Amino acid sequence: MERPVTEADLTFDHVPQTDQSFENALEKARDGDRLTVDDAIELFTTGTDSEGIDQRRKERVLEAADRRRAEVVGEEVTFVANLNNNVTTACNVGCLFCNFKDAAHTFESDAEVETAGFTKTPDESREIVADAVDRGIYEVTSVSGLHPAFALDAEHREILEAHPEPKEINYKPPERYGTSPGTYTDQIAAMSVDGVHVHSMTPEEAYHARRGTDWSYEEVFRRLKDAGLDTVPGTAAEILVEEVRDVICPGKIGTEEWLEAMEAAANVGLGMTATIMYGHVENEAHRALHLKRIRDLQDRTGNITEFVPLSFIHQNTPLFEHDVVSSGASIDEDELMIAVSRLFLDNVDHVQSSWVKYGDEQGLKMLSCGADDYMGTILSEEITTRAGGEHGEFRSFEDYVEMITSIGRVPVERSTDYETRRVIDPEDPPFGPQLGPKADGTPLLTADERAERALPADD
């Protein structure tokens, strides 16, 4: 049962107060100097010398970030042809910001209530991914709940089965469930079809994949890499400050373990992304500290290809339902998050704007606030949608070309690691992916399939 959040829980040690001035911080940002946490706080708040966000100062921060974006990556706006294939919603961690999960016990065969969620077998995952690869995708992204029956591989399963206190390690045998997710290596191997790039296994999932053992994160990621894993999504980061994690996700791994897992992934040769999930109970000081920890991690590894700010979608989440928060981040906060990320993360080339989180119009605006990447086609997106997001589940190449050219920028299809790019000529339709292992330039969905997806649900 979730413990209620009290006012004392929201009284933080880290507060947005500094001895720096906004003007000094902005001058450093414009000059390309490496920013401090205090500098970032001043830019996030548009100055701690006054309450609220000063619109004129905000525009100056956005202009500095947009100029830096142009210097670092030019006028290209990139996106990837990808599919989201999340394996299971079964989870019992209890994060208060999440409405993707479904209580794990409701998936058991003898459960008295029918689960509202899903679990896919490895064969089902393979079929879903194979169809998307045939359509032309380059990448499959997979992030899932921590299903109690999930094990890393057959050896891990034996260790979990022999554990004297399985409840302590969050394990139940697959026979207890109507559908078994198999093992993580089974799922990775199943999704690794026809040369598609597999982007999966967050630090939290890696923790689940080593529970009950003394295996290192490097051992876990090495086995996953051997099964077909290509890169690791740096999600489950939320805010990398313990006093915030203690409120919103007390059951999750801590900041240091998240960083340890990410560094281990880099050590075995896996590329990775990094994220922040903001706009809930944290303040600007927490956001600045989070950016510092990501920048330090990149200094150590050099493996982070992009930074992805994720604006908290508050509807349908326990934080909202329990009156801990009344909304997510404001548009001003969203724009400053993108801009300060660009200015602070001087060792990460790419900053992503999420049309799933921001919508098309605001997502495009973020491309003038420091962002240069515009996500991917997705084909399906369950996490934000289940939390109350309203901005759809699919973007076609035609959509991308139209939107990106409308703001005077250059649409570019990319690989996951940004090493392969294809500039798209907006005067040369039809528009479809060409970088995927089976891509031939035709659209991902037919006109009839797109029309079907656009139909409203039946009453």
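This section describes one helix, one sheet, the main nonpolar core and the internal cavities of a predicted model.

Helix H2 spans residues 37–45 and is mostly covered. Eight of its nine residues are buried. These are Val 37, Asp 39, Ala 40, Ile 41, Glu 42, Leu 43, Phe 44 and Thr 45. The buried set thus holds Asp 39 and Glu 42 alongside residues such as Ile 41 and Phe 44. Four helices pack against the buried residues of H2: H1 (22–31), H3 (55–73), H11 (284–301) and H13 (331–344). Thr 46 follows the helix. The phi of Thr 46 is positive, near 55 degrees.

The sheet considered here is open and has four strands. Their order is S11-S1-S12-S13, and the pairing is mixed. Strands S11 (373–376) and S13 (421–423) stand at the edges. Each has a single partner strand, so one side of each lacks a neighbour in the sheet. From one strand to the next, the twist averages 25 degrees. Strand S1 (residues 76–80) and S11 run parallel and are joined by two bridges. Within this pair, Val 80 of S1 stands opposite Gly 376 of S11. Helix H17 (residues 397–406) packs on the sheet. Contacts of H17 reach S1, S11, S12 (410–414) and S13. The direction of H17 makes about 145 degrees with that of S12.

In soluble globular proteins, nonpolar side chains tend to be buried together. The largest nonpolar core of this model has 116 residues. Leu 43, Val 61, Phe 221, Leu 224, Leu 229 and Trp 258 touch the most other members. Of these, Leu 43 is also among the buried residues of H2. The surroundings of Phe 221 can be listed in detail. Neighbours within four places in sequence are left aside. Phe 221 is then in contact with Met 201, Ala 206, Leu 229, Val 232, Ala 261, Ala 264, Ala 265, Val 268 and Leu 270. One of these contacts, Leu 229, is itself listed with Phe 221 among the residues touching the most other core members.

Three cavities of 30 Å³ or more were counted. The second largest holds about 60 Å³ of space. Its lining consists of Val 87, Ser 142, Ser 144, Phe 150, Tyr 184, Gln 187, Ile 188, Met 191, Ser 200, Met 201 and Glu 205. Helix H6 (residues 184–191) gives the largest share of this lining, with four residues. Met 201 lines the second largest cavity and is also in contact with Phe 221.

Notes: Residues are numbered from 1 along each chain as its sequence is written. This is a predicted model: local features need pLDDT of at least 70, side-chain atom pairs count only at pLDDT 80 or more; totals for chains, interfaces and linings use all residues. Side-chain values use heavy atoms; hydrogens and water are left out. Buried means under 20% relative accessible area, exposed over 50%, partly exposed in between (1.4 Å probe, protein chains only). Contact means heavy atoms within 4.5 Å. Two strands pair if DSSP finds at least two bridges between them. Axes are lines fitted to C-alpha atoms, for helices over the stretch in contact, and angles run from 0 to 180 degrees between N-to-C directions. A nonpolar core is a set of buried Ala, Val, Leu, Ile, Met, Phe, Trp, Tyr and Cys residues joined through side-chain atoms within 4.5 Å. On a 1 Å grid over the protein atoms alone, a cavity is a set of points where a 1.4 Å probe fits but cannot get out, and a pocket is an open set with protein on both sides within 12 Å along at least five of seven lines; lining residues have an atom within 4 Å of a point. Grid points are joined across faces, edges and corners, and a volume is the space filled by probe spheres set on the points.
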